[in-house]
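The following exercises invite the reader to work through a structure step by step. Each task is followed by a worked solution.

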Amino acid sequence: MLRHSAKQQMNVEATQTFSQQTAEYYNQLAEYYDLIYGDHVQASKQLVERASQIVLEKGKVPSKVLDVGCGNGWDIAHLGELGWNCSFYGCDLSLTMLSKARQIHDDLGVKSTLWEGDILYDNFGFGDDDLTAQFDLIIFRGNSLGHLNYEEYLTAFTNVFKMLKNGGMFLYDFRDGYKLFELNQAVEILNSQGRDETGYHLAAYFQDHGSNVRELYHLLAVLVSWNDPTQLPVTRSFPIAAHYVLPELTEKNVRDAGFASQEEITDRVGESLPTLRTFIACKS
Ligand SMILES: C[S@@+](CC[C@H](N)C(=O)[O-])C[C@H]1O[C@@H](n2cnc3c(N)ncnc32)[C@H](O)[C@@H]1O
């Protein structure tokens, strides 16, 4: 079942534009997402296995799990494959990504409740039932935090905190903005020397890290043709602004949202596009 968000009835003027832009981006991208991120689906499986370890080291399999920014639903699917027998909930800004998630979960026989929601909305835009203090675990994964403005972190983390049971866990991950910033500078130097092959992929979607450390995700269809040699290289681009995630800002806002503790776990994952991922496990 796909539920529509209650956001139309809410006063969310301040955040609507950025969220709508993100939703539009993923609506266009959904068709290509797994293809472009072929590495991502594999890496996300490894990341979910790591996430599962982190959760189980600190307790038992949760009974109610929410994946905010679930995208096309691979995390829930992977947790189902790992044998997690729990109620799965997922929400995302993009209805097109959610449709993919519905299809993937149905194909794999994973039961889930999915809806169009926003981490910045009260009750995540679920609408009718109140989800306050319902979840043992909430995840917000895949560098999704990069889609929020820094000023929005506190709202997001506070909303998550409210939805967790006492003692519940919030687990999110990101690619450290400071490290990416340095990496991009290296890529730019290589590009300026005509050695663009090294950083092509990265340069294609981390551009314009200008004055306020903004990234511009700018995906080109030529990347699609890398993965599918039978396809003609048609140029398509889906520009979107996003932010680098800066660890010191997340740490402060997690604390201010009321979490009792937060632990950082950093791992390198992915083969063709090595990613240094930082997980933050927060306990309410
Ligand atoms: C990079 S994708 C990651 C998807 C998935 N978590 C994964 O790891 O494969 C980021 C996702 O976050 C969603 N997203 C971004 N901002 C959001 C927000 N404010 N509330 C809910 N979802 C959001 C996007 O629509 C997108 O599907």
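## Exercise 1: The two sides of helix α9

On the other side of α9 from its buried residues, E248, K252 and D256 are exposed. The model examined here and in the exercises below is a predicted one.

**Task.** Determine which residues of helix α9 are buried and how they are arranged about the axis of α9.

**Solution.**
- Step 1. Helix α9 spans residues 247-257, and T250, V254 and A257 are its buried residues.
- Step 2. Viewed down the axis of α9, these buried residues fall within an arc of 65°, and therefore they line one face of the helix.
- Step 3. An α-helix has 3.6 residues a turn, so residues three or four places apart point the same way.
- Step 4. Beyond the end of α9, G258 has a positive phi of about 115°.

## Exercise 2: Helix α4

**Task.** Compare the span of helix α4 with the expected one, and state on which side of α4 the buried residues lie.

**Solution.**
- Step 1. Helix α4, residues 95-108, contains 14 residues. From its first C-alpha to its last it reaches 20 Å, close to the 20 Å expected at 1.5 Å a residue.
- Step 2. The buried residues in α4 are M97, L98, K100, A101 and H105. They cover an arc of only 155° around the axis, which places them on the same side of α4.
- Step 3. Q103, D106 and D107, on the other side of α4, are exposed.
- Step 4. The residue that follows α4 is G109, with a positive phi near 70°.

## Exercise 3: Strand β3 and its partners

**Task.** Establish whether strand β3 is enclosed or open, and identify the strands with which β3 pairs.

**Solution.**
- Step 1. Strand β3 consists of residues 87-92; five of its six residues are buried, so β3 is largely enclosed by the rest of the structure.
- Step 2. One partner is strand β2, residues 64-68, which pairs with β3 in the parallel sense over five bridges. Within this pairing, V68 has C91 in β3 as its bridge partner.
- Step 3. The path from β2 to β3 leads through α3, and this β-α-β crossover is right-handed.
- Step 4. Another partner is strand β4, residues 112-116, which runs parallel to β3 and is joined to β3 by five bridges. Here F88 is opposite S112 in β4.
- Step 5. A right-handed β-α-β unit is formed by β3, α4 and β4.

## Exercise 4: How covered is helix α3?

**Task.** State how many residues of α3 are buried, and name them.

**Solution.**
- Step 1. Six of the eight residues of α3 are buried, and α3 is thus mostly covered.
- Step 2. The buried residues of α3 are W74, D75, I76, A77, H78 and L79.
- Step 3. After α3 comes G83, which has a positive phi near 90°.

## Exercise 5: Strand β5 between two partners

**Task.** Describe the burial of strand β5 and trace its pairing with β2 and with β6.

**Solution.**
- Step 1. Strand β5, residues 135-140, is mostly covered, with six of its six residues buried.
- Step 2. β2 and β5 run parallel and are joined by four bridges. V65 has L137 in β5 as its bridge partner.
- Step 3. β5 also runs parallel to strand β6, residues 164-175, with five bridges between them. In this pairing, I139 is opposite L171 in β6.
- Step 4. Together with helix α5, residues 153-163, the strands β5 and β6 make a right-handed β-α-β unit.

## Exercise 6: The surroundings of the ligand

**Task.** Describe the residues around the ligand by proximity, by class and by the helices that supply them.

**Solution.**
- Step 1. There are 22 residues around the ligand, of which G69, G71, G142, S144 and H147 come nearest.
- Step 2. Sorted by class, this shell has eight nonpolar, ten polar and four charged residues.
- Step 3. Helices α1 (13-36) and α3 (74-81) each supply at least two residues of the shell. The most comes from α1, which gives three residues.

## Exercise 7: Residue A242

**Task.** Locate A242 and decide whether A242 is buried or exposed.

**Solution.**
- Step 1. A242 belongs to strand β8, residues 237-243.
- Step 2. A residue counts as buried if 20 or more other C-beta atoms lie within 10 Å of its own. A242 has 22 C-beta neighbours inside 10 Å and therefore counts as buried.
- Step 3. A242 and H147 are 95 residues apart along the chain, while their C-alpha atoms are separated by 4.9 Å. H147 is also one of the residues that come nearest to the ligand.

Technical notes:
Residues numbered from 1 in each chain as written. Predicted model: local features only at pLDDT ≥ 70, side-chain atom pairs only at ≥ 80, totals over all residues. Buried ≥ 20, exposed ≤ 12 C-beta atoms within 10 Å, placed from the backbone. Expected span 1.5 Å × (residues − 1). Arc of directions from axis to C-beta. Near = placed C-beta within 6 Å. Nonpolar A, V, L, I, M, F, W, Y, C, P; charged D, E, K, R; others polar. Pairing = 2+ DSSP bridges. Right-handed = clockwise from strand over helix to strand, strands pointing away.
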